Amino acid sequence: MATLLRRTASRLVGSCIKNRFSVNPFYNQTTCAPHGRLRHLTPSISRNNHFTTSARKRASSNDPLLRVIEAEIGFAEQADDYNRVEETPSGFPFKMEDKPGTKIVSLTRDYQGESVEVEVHMTNLVTGDKGDDEEEEESDEEEEEDEDKPEKPKQSNVPLLVTLSKETGPSLEFRCTAFPDKIVIKDMWVTFPDDPSKDELAYEGPSFRVLDEKLRKAFHRYIEIRGITPGMINFLHEYMINKDSKEHLLWLKTLKNFVKS
């Protein structure tokens, strides 16, 4: 009887080993579980641990850059002109449109049936060195200074693109440089908004600086009576300096969000 019981127990153990036990490849031990439940066992090494480690390493490698960017943001926020608001002067004839994230301010108005549009670009600030723009400006005005004459102080300026158009027909465009005390026309040309294909073959005319002096003065007067006057430049100069500071701060914050994410 005892022998029979031992044989029965031995067969039961063997059946369990054969049919009920399975080897989990993620474990170093044999797990006794039904085959249908094996897929629900959690591996000893989680994939989440791998991703968490990679994220920590990436964040750690970005820390020096983030610290520098955050320091630059602090300096920019301490500047006096990043949040200054320039009030539009009395009698300013243009409607102003300033979109954050862009480097151009648009001015528009109507003048006796004409549409006047002005693109105001970022101010060219004086850095102390004579740049290409200043050399070109002197060439445009054909100013040859004598050796005995003192050199004129360099001035910051505001680049302008002025477009004059009517309901139909061609438009006139002027590329100007606005200094604190004067506006200089550097180039002018005719465009065809109704038929852009004409622009490719259109004769643009001679360089503005080689035109007769009377004709150049007449064109200066022509744009002046449409609102492009030296009186508006001081306001635009300050406004664009402030805009440059605001855009710089926005750019730094965009960089920070990219590096941090």
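Begin with the sheet: six strands form an open sheet in the order 3-4-5-6-7-8, with antiparallel pairing. The model on display is a predicted one. Select strand 3 (95-98) and strand 8 (183-191), which stand at the edges of the sheet. Each has a single partner strand, so one side of each is left without a neighbour in the sheet. From one strand to the next, the twist averages 20°.

**The hairpin of strands 3 and 4**

Next, select strand 3 together with strand 4 (residues 104-111); the two run antiparallel and are joined by four bridges. Within this pairing, Glu97 stands opposite Ser106 in strand 4. Strand 3 and strand 4 form a hairpin, with five residues between them. In the turn, select Gly101, whose phi is positive, at about 90°.

**Strands 5 and 6, and the helix on the sheet**

Move on to strand 5 (residues 114-121) and strand 6 (residues 158-165). Six bridges join this antiparallel pair. Select Val116 and look across to strand 6, where Leu164 stands opposite. Now add helix 5, which packs on the sheet and touches strand 5, strand 6, strand 7 (171-178) and strand 8. The direction of helix 5 makes about 85° with that of strand 8.

Remain with helix 5 (residues 213-224) and select Arg221 and Glu224. The two residues form a salt bridge, with their closest N and O atoms 3.7 Å apart. Both lie in helix 5, three residues apart, which is about one turn of the helix. Arg221 counts as partly exposed at 49% relative accessibility, and Glu224 is likewise partly exposed, with a relative accessible area of 33%.

**Glu173 in strand 7**

Return to the sheet and select Glu173, found in strand 7. Is Glu173 buried or exposed? Its relative accessibility is 17%, and Glu173 therefore counts as buried, the cut-off for that class being under 20%. Leaving aside residues up to four places away in sequence, Glu173 touches Leu161, Val162, Thr163, Asp187, Met188, Trp189 and Thr191. Select Val190 as well: the C-alpha atoms of Glu173 and Val190 are separated by 6.3 Å, although the two residues are 17 apart along the chain.

**Salt bridges of helix 6**

The structure holds nine salt bridges. For one of them, select Lys256 and Glu70, whose side chains meet with an N to O distance of 3.7 Å. Which parts of the chain does this pair tie together? Lys256 lies in helix 6 (residues 233-260) and Glu70 in helix 2 (residues 47-78), so the salt bridge links parts that are 186 residues apart in sequence. Lys256 is partly exposed, with a relative accessible area of 23%; Glu70 is also partly exposed, at 36%.

Staying in helix 6, select Glu247 and Lys243, which are four residues apart and therefore separated by about one helical turn. These two residues form a salt bridge in which the closest N and O atoms are 3.0 Å apart. Both Glu247 and Lys243 are buried. Add Asp98 to the selection: salt bridges that share partners join Asp98, Lys243 and Glu247 into one network.

**The whole chain**

Now display the entire protein chain. Its secondary structure comes to six helices and eight strands, which follow the pattern α-β-β-α-β-β-β-α-β-β-β-α-α-α along the sequence. Of the 261 residues, 25% are buried. The chain exposes about 18600 Å², of which carbon and sulfur atoms supply 52%. Among contacts with a separation of 6 or more, 56% are between residues 24 or more positions apart.

**Confidence along the chain**

Finally, colour the chain by pLDDT. The mean is 75, and 62% of the residues reach 70 or more. Select residues 1-6, where pLDDT stays under 50 and the model has zero contacts beyond four places in sequence. Then select residues 131-135, where the pLDDT is also below 50. How many contacts does this stretch have beyond near neighbours in sequence? For residues 131-135, the model has five. Where pLDDT is low, the predicted coordinates should not be read in detail.

How values were computed. Residues numbered from 1 in each chain as written. Predicted model: local features only at pLDDT ≥ 70, side-chain atom pairs only at ≥ 80, totals over all residues. Heavy atoms only, no water. Buried < 20%, exposed > 50% of the residue type's maximum accessible area, 1.4 Å probe, protein only. Contact = heavy atoms within 4.5 Å. Areas by Shrake-Rupley, 256 points an atom, 1.4 Å probe, with all protein chains shown as cover. Salt bridge = Lys/Arg side-chain N within 4 Å of Asp/Glu carboxyl O. Pairing = 2+ DSSP bridges. Axes fitted to C-alpha atoms, helices over the stretch in contact; angles between N-to-C directions. pLDDT = per-residue confidence, 0-100.
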